[in-house]
Amino acid sequence: MTRFAWGAASDTGRVRQANEDSYLVVDGLFAVADGMGGHQAGEVASHLALETLHSEFTAAGTDVLVRAVENANHTLVSRSTADPELAGMGTTLVAMALVEAAGRDAIGVVNVGDSRLYLLSDGELAQITEDHSLVATMERQGRLTAAEAAVHPQRNILTRALGIDGTVLVDSWEILPVIGDRYLICSDGLFNEVDESRIASTLRRLADPNEACRELIRLANEGGGRDNITCVIVDVVDDAGRDPNADPANRVRNSHTGGDLTVADASSAEPKAPKVPGAIRGSFTWRVGVFVAAFVFVILAGFAFIWWTGTKTWYVGVDGNNVAIFHGKPGGVLWIQPSLAEDSELLFANVPQAAIVDLKNGVEQPSLDSARSYIDNLIEQNAKTTTTTTAPSSSTTTTIAK
Ligand code: MG
């Protein structure tokens, strides 16, 4: 015997004045209808359709379900013909019911319009029903992509609805019930505002069907809430009424994205299950800590290296008229500028010709002592030049100095 657990929620949204959606939730029969028509006619249409469906679904067969939808259509057409206030009213209708097919349980599904039935099985979401809308037809014909259809300005134009014509074509399916499968019936106010990957992750994350319905409606309102939003979630559960996906161990196994790992049921009888999310959360924190420490270390090491390069070197250069020793790199390193360590007695004017260009660029030395030795060497060279050559050389250099 197939058993269900379910939840439902409906909301006017953030723009519309009234909620023209209706839903039906009785054991073994679940449906959503999205009504249309002015002056509350939409509300009447969706409500009347579900009322008729409920009363006409008298035996557990998909053909009975289809006939119940056809009868709902007749009811709507005759009411709108009789009452001018209700003229032009119509509604979508999507329903699932426990039926019998070839001597065993099955889930019968019927659809007219653009409300939808989705099936979440093994963590994967699939749309079972086909939309009877202009954009869906154009998409099937290859004239629109799914992305274009999702934002098309005429996406609310239906090609099939209840209450419009005396005859209506009803789509139907039969699906084998599998314990753990989750069904979502919803109006377009949900999937026009929330993309399917978000719907799927919400259905995977929240085991409680009522909580999942409320969260989907919250997301639709967050996305704009431009239409009425209705969700019915039906879980196929085991004989004890348990949804196997409510067990964290299964939830982790079924999860492809890892998003469900935040769900940890503390009351679970399975002792190992809650440890899985905990362990993953723990290692995550540890890894982040190591990463941050390594990052900070690299940054500090970089600063230290620049500081070391910029300050732990010396060079001999020119300070005004004198040859001088500087602490740092010629031209500086990033924000670290060289500083004057000491002036020498050697005038730049007396520097031997061969060293002039080098000194202007700065001659690097490994230590203060070696810088001093370098200058002593220049003084010595200068002394030799002045004693072995004639005066014009020094008078020429003196002129340059002035
Ligand atoms: Mg709608």
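Of the 402 residues in the protein chain, 43% count as buried (under 20% relative accessible area, with over 50% being exposed and anything in between partly exposed; 1.4 Å probe, protein chains only). This is a predicted model, in which local features need pLDDT of at least 70 and side-chain atom pairs count only at pLDDT 80 or more, while totals for chains, interfaces and linings use all residues. Residues are numbered from 1 along each chain as its sequence is written, and side-chain values use heavy atoms, with hydrogens and water left out.

The chain's secondary structure adds up to twelve helices and 15 strands, taken as DSSP runs numbered from the N terminus (helices are H or I with at least four residues, strands are E with at least two). Among contacts (heavy atoms within 4.5 Å) in the protein chain with a separation of 6 or more, 64% link residues 24 or more positions apart. The accessible surface of the chain is about 21000 Å², and carbon and sulfur atoms hold 55% of that area (Shrake-Rupley method, 1.4 Å probe; for residues, only the protein chains shown count as cover).

Helix α1 is a good place to look inside. Its 16 residues, 41-56, reach 22 Å from first C-alpha to last, close to the 22 Å expected at 1.5 Å a residue (the expected span being 1.5 Å times one less than the number of residues). The buried residues of α1 are Ala41, Gly42, Ala45, Ser46, Leu48, Ala49, Leu50, Thr52 and Leu53, and their cover includes β2 (21-26), β3, α2 (62-82), β4 (90-91) and β5 (93-101). Take Leu50: this α1 residue has a relative accessible area of 4%, so it is buried. Setting aside neighbours within four places in sequence, Leu50 contacts Ser22, Tyr23, Leu24, Ala31, Ala33 and Leu93. Its C-alpha is also 9.3 Å from that of Ala95, 45 residues away along the chain.

In soluble globular proteins, nonpolar side chains tend to be buried together. Here, the largest nonpolar core has 31 residues, of which Leu53, Val69, Leu93 and Leu162 touch the most other members (a core being a set of buried Ala, Val, Leu, Ile, Met, Phe, Trp, Tyr and Cys residues joined through side-chain atoms within 4.5 Å). Two or more residues apiece come from β3, α1, α2, β5 and β6 (104-112), with α2 giving the largest share, seven residues. A second, separate core of 20 residues includes Leu184, Cys186, Leu216 and Ala220. Back in the largest core, Leu162 has contacts that include Ala49, Val69, Leu76, Leu93 and Val112, residues up to four places away not being counted.

Then there is the metal. Asp34 (OD), Asp188 (OD) and Asp227 (OD) coordinate the magnesium ion at 2.1 to 2.2 Å (donors are N, O and S atoms within 2.8 Å of the metal, or 3.2 Å for Na, K and Ca; water is not among the atoms, so sites may look incomplete). Asp34 in strand β3 (residues 29-36) and Asp188 in helix α5 (residues 188-191) are 154 residues apart, so this pair links distant parts of the chain. Asp34 is buried at 9% relative accessible area, and Asp188 is buried too, at 7%.

Finally, Ser133 sits in the loop between β8 (124-127) and α3 (134-140). With a relative accessibility of 2%, Ser133 counts as buried. Beyond four places in sequence, Ser133 touches Asp114, Arg155, Ile157, Leu158 and Thr159.
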